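Reader: I would like a close look at a single part of this model, with its surroundings described as well. Please keep the answer connected.

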Amino acid sequence: MKPATQITDRAKRYRANSETSDWPRVCMFCGSTDDLQVDHLDGYEENGEPENLLMLCRSCNQLKSAVYKKAGIGRRTVQFNPADAVARHKGFTILKRGRGFFTTVNPELQHLHTKGCRAYIDDYKNPAKSADDWATAVATLRGESKRSPAEAARTIRSTPINRRYQYLDRVMRANPAVPTFEQYAWAVRNHEKGPYLGRGKWGEGAHDEGGAIIHATPKSKRKEYAGRIQKFKSGQSRAAREAERARWE
């Protein structure tokens, strides 16, 4: 098998998908099971080790990408590998920037030589010690916290994969207020909208139960649920629609 520095990004994605083929099909950030993608935690596709991979929904992946772009972490996907990659150490890439070097562990920290990069990688471990630590790291990568994205990525990457799923389960159980798809679909059907104001805008709707459920649903979940409702309306057979409608009522 060729080293990751000698293959295209497309081939790297194939390897990442193969590596995660038997993982639970659930977003590690929000618990969604729709529109999942394999994400490289440090923003570099050449780092395809299991510890550097995450299963994310499209919405969470886009939020993380926006945070990384703002922080200058990672690189854009291209067909070929970057010319400034100079070495690999324990699953991480060492790259050259100007007269210094940096690692994909923490692109914000520059070193004078590759020896410093290797020493930093050796001291890398900083796993989440609780579900709260995990939730804080996730919130940072979703752009919901002002903490360092590099440190958040460090926490998640050094947390064992089985422990990540345990923390996800605890966080989801601790936040039962997030409405389910069935609750959201019922709310959409029964909420009384406000007057139409033109240009695709609506006035404030009735303060009813449906409105409360919609308001309590996070924006990322609303987008996911809206997509599922659209698929239901356009693609399901009549029998399947009746079965799904029975779940809502």
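Which are the buried residues of α5?

Author: The model is a predicted one. The buried residues of α5 are Pro149, Ala150, Ala152, Ala153, Arg154, Thr155, Ile156 and Arg157. That is eight of the nine residues of α5, a helix that is mostly covered. For the chain as a whole, buried residues make up 42% of the 249 residues. Its secondary structure comes to ten helices and seven strands, and several of these elements take part in covering α5: among them are the strands β2 and β4 (92–97) and the helices α2, α3, α4 and α6.

One of the buried residues, Ala153, also belongs to the lining of a cavity. The search of the whole structure finds one cavity of 30 Å³ or more. The volume of the largest cavity is about 70 Å³, and 13 residues line it, those closest to its centre being Leu41, Asp42, Thr104, Val105 and Ala153. With four residues, α5 provides the largest share of this lining. By type, the lining of the largest cavity consists of eight nonpolar, two polar and three charged residues.

Two of the helices that cover α5 can be followed through single residues. In α2 (residues 58–71) there is Asn61, which counts as buried at 11% relative accessibility, a value under the 20% cut-off. Setting aside residues up to four places away in sequence, Asn61 touches Gln37, Asp39 and Leu56. Of these, Gln37 and Asp39 fall within β1 (36–40), and Leu56 within β2 (53–57). In α3 (residues 114–122) there is Ala119. Ala119 is partly exposed, because its relative accessible area of 40% lies between the 20% and 50% cut-offs. His89 is 30 residues from Ala119 along the chain, and the C-alpha atoms of the two are separated by 9.8 Å.

The covering by α6 works in both directions, since α5 (149–157) is in turn among the elements that cover the buried residues of α6, together with β2 and α4 (131–141). Helix α6 runs over 14 residues, 161–174; at 1.5 Å a residue these should span 20 Å, and the end C-alpha atoms are 20 Å apart, in agreement. Its buried residues are Arg164, Tyr165, Tyr167 and Leu168. They lie on the same side of α6, because the arc they cover around the axis is only 160 degrees. An α-helix has 3.6 residues a turn, so residues three or four places apart point the same way. The other side of α6 has Asn162, Arg173 and Ala174, which are exposed.

Tyr165, in helix α6, is buried with a relative accessible area of 17%, because that value is under 20%. Leaving out residues up to four places away in sequence, Tyr165 touches Trp23, Pro24, Val26 and Met28. Val26 is 139 residues from Tyr165 in sequence, but 9.3 Å from it in space, C-alpha to C-alpha. Separations of this kind can be set beside the figure for the chain: among contacts between residues at least 6 apart in sequence, 60% join residues at least 24 apart.

Val26 leads on to another residue. Ser32 sits in the loop between α1 (9–19) and β1, and is buried, with a relative accessible area of 1%. Apart from neighbours within four places in sequence, its contacts are Arg25, Val26, Cys27, Cys57, Lys221 and Glu224. Of these, Lys221 and Glu224 fall within α9 (219–235).

Lys221 is also one of the residues that lie nearest the centre of the largest pocket, the others named being Cys30, Gly31, Met172 and Val178. That pocket holds about 640 Å³ of space and is lined by 28 residues. Helices α4, α6, α7 (181–190) and α9 each supply at least two residues of the lining, and α9 gives the most, with five. By type, the lining of the largest pocket divides into 16 nonpolar, six polar and six charged residues. Both α4 and α6 thus appear twice in this account: they help to cover the buried residues of α5, and they supply residues to the lining of the largest pocket.

Definitions and conventions:
Residues numbered from 1 in each chain as written. Predicted model: local features only at pLDDT ≥ 70, side-chain atom pairs only at ≥ 80, totals over all residues. Heavy atoms only, no water. Expected span 1.5 Å × (residues − 1). Buried < 20%, exposed > 50% of the residue type's maximum accessible area, 1.4 Å probe, protein only. Arc of directions from axis to C-beta. Contact = heavy atoms within 4.5 Å. 1 Å grid on protein atoms, 1.4 Å probe; cavity = no way out; pocket = protein on both sides within 12 Å on 5 of 7 lines; lining within 4 Å. Points joined across faces, edges and corners; volume = space filled by probe spheres on them. Nonpolar A, V, L, I, M, F, W, Y, C, P; charged D, E, K, R; others polar.
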